[in-house]
Amino acid sequence: MLVDQAHASGGEELVSALVAAMAFAAWKHQDQRRKGRSHRPYINHPIAVLQLLWDVGRVRDPATLTAALLHDTVEDTDTTLDEIREAFGADVARVVAEVTDDKSLPKAVRKQLQVEHAASVSVPAKLIKLADKISNVREVAADPPEGWSLTRKLEYLEWSAAVVEGLRGVNTDLEVAFSDALLALRVVLA
Ligand code: ZN
């Protein structure tokens with residue numbers, strides 16, 4: 001009985017955090033669209049990352065799941081890490097910081113740093129990065145960005161695979177899902 005109650009209240013806390021993070025991300029990304037030809041609403045992507053973590057990776061850590069919804073807010077909107085810390089706490093902010101590229105650096109440098117840093121980030125950050133790459137590779141296959149040449153798509157594929165090499169060892173199911181997504185993209189591009 002006591003255990004059930006503790007479980008229920010823990011569950012309620014998680015739902016509250018996810019509802020708040022979803023509303024926050026939807027508000028921050030409200031004017032943004034994905035790069036794909038169909039210009040889907042941006043919020044579809046953080047929700048897809050959350051769903052991958054929950055359904056495929058069976059991740060249940062509240063900070064990881066909450067940070068998944070927020071993972072692009074600092075990099076791609078006017079959101080600051082202080083805002084995230086105030087609203088969602090230091091643990092979530094630390095993870096969001098780890099998955100945020102430094103936009104003051106040139107794009108090629110940022111991409112290289114993602115490859116170099118992948119192995120040294122925390123487990124929550126690795127899980128989010130894995131799910132992020134699965135979502136992005138799936139999107140390039142299903143709804144590619146307008147104007148991307150075959151070469152650019154192949155470069156994206158190789159770069160994603162290089163980042164994921166550094167993320168291995170934290171969640172086999174997500175790694176398999178990434179390999180499947182990569183294979184599906186290779187088939188589409190062949
Ligand atoms: Zn993302």
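This is a conversation about a predicted model with a zinc ion, its pockets and some of its helices.

Trainee: Which residues hold the zinc ion, and at what distances?

Mentor: The zinc ion is coordinated by two histidines through their NE2 atoms, His45 and His71, and by two aspartates through OD atoms, Asp72 and Asp132, with distances of 2.1 to 2.3 Å. Please keep in mind that the model is predicted, so these are computed values.

Trainee: What sort of arrangement do the 4 donor atoms make around the zinc ion?

Mentor: The arrangement is irregular, because the angles that the 4 donor atoms subtend run from 81 to 176°. For comparison, the ideal angle for four tetrahedral donors is 109.5 degrees.

Trainee: And how are the donor residues spaced in sequence?

Mentor: Their spacing reads H-x25-H-D-x59-D. His71 sits in the loop between α3 (62-70) and α4 (73-76), while Asp132 belongs to helix α8 (residues 123-142), so this pair ties together parts that are 61 residues apart in sequence.

Trainee: Is His71 buried or exposed, and what about Asp132?

Mentor: His71 is buried, since its relative accessible area is 2%, and Asp132 also counts as buried, at 12% relative accessibility. The cut-off for buried is under 20%.

Trainee: You mentioned α8, so how far does that helix reach?

Mentor: Helix α8 has 20 residues and spans 29 Å from its first C-alpha to its last, which is close to the 28 Å expected at 1.5 Å a residue. Of those 20 residues 15 are buried, so α8 is largely enclosed by the rest of the structure.

Trainee: Changing topic, what volume does the largest pocket have, and which residues are closest to its centre?

Mentor: The largest pocket has a volume of about 810 Å³. Its lining has 32 residues, and the closest to the centre are Lys35, Glu75, Lys107, Asn136 and Tyr156.

Trainee: Which elements give two or more residues to that lining?

Mentor: For the largest pocket those elements are α4, α7 (107-117), α8 and α9 (150-167), and the largest share of the lining comes from α8, with 7 residues. If you sort the lining of the largest pocket by class, you find 18 charged residues, 8 nonpolar and 6 polar.

Trainee: What about the second largest pocket, what is its volume and what lines it?

Mentor: The second largest pocket has a volume of about 230 Å³, and of the 15 residues lining it, Asn44, Ala48, Ser135, Arg138 and Glu139 are the closest to its centre. Both α2 (44-56) and α8 supply at least two residues of this lining, and it is α2 that gives the most, with 8 residues. By class, the lining of the second largest pocket divides into 6 nonpolar, 4 polar and 5 charged residues.

Trainee: One last topic: where does Ala21 lie, and is it buried or exposed?

Mentor: Ala21 lies in helix α1 (residues 2-28), and at 0% relative accessibility it counts as buried. Its C-alpha atom is 9.4 Å from that of Leu65, although the two residues are 44 apart along the chain.

Trainee: And Ala23, where is that, and how far is it from Ala125?

Mentor: Ala23 is also placed in helix α1, but it counts as partly exposed, because its relative accessibility is 47%. Between Ala23 and Ala125 there are 21 Å in space, C-alpha to C-alpha, and the two are 102 residues apart in sequence.

Technical notes:
Residues are numbered from 1 along each chain as its sequence is written. This is a predicted model: local features need pLDDT of at least 70, side-chain atom pairs count only at pLDDT 80 or more; totals for chains, interfaces and linings use all residues. Side-chain values use heavy atoms; hydrogens and water are left out. Donors are N, O and S atoms within 2.8 Å of the metal (3.2 Å for Na, K and Ca); water is not among the atoms, so sites may look incomplete. Four donors count as tetrahedral if all angles lie between 85 and 135 degrees; four count as square planar and six as octahedral if opposite donors are over 155 degrees apart and all others between 65 and 115; anything else is irregular. Helices (H or I, at least four residues) and strands (E, at least two) are DSSP runs, numbered from the N terminus. Buried means under 20% relative accessible area, exposed over 50%, partly exposed in between (1.4 Å probe, protein chains only). On a 1 Å grid over the protein atoms alone, a cavity is a set of points where a 1.4 Å probe fits but cannot get out, and a pocket is an open set with protein on both sides within 12 Å along at least five of seven lines; lining residues have an atom within 4 Å of a point. Grid points are joined across faces, edges and corners, and a volume is the space filled by probe spheres set on the points. Ala, Val, Leu, Ile, Met, Phe, Trp, Tyr, Cys and Pro count as nonpolar, Asp, Glu, Lys and Arg as charged, and the others, Gly among them, as polar. The expected span of a helix is 1.5 Å times one less than its number of residues.
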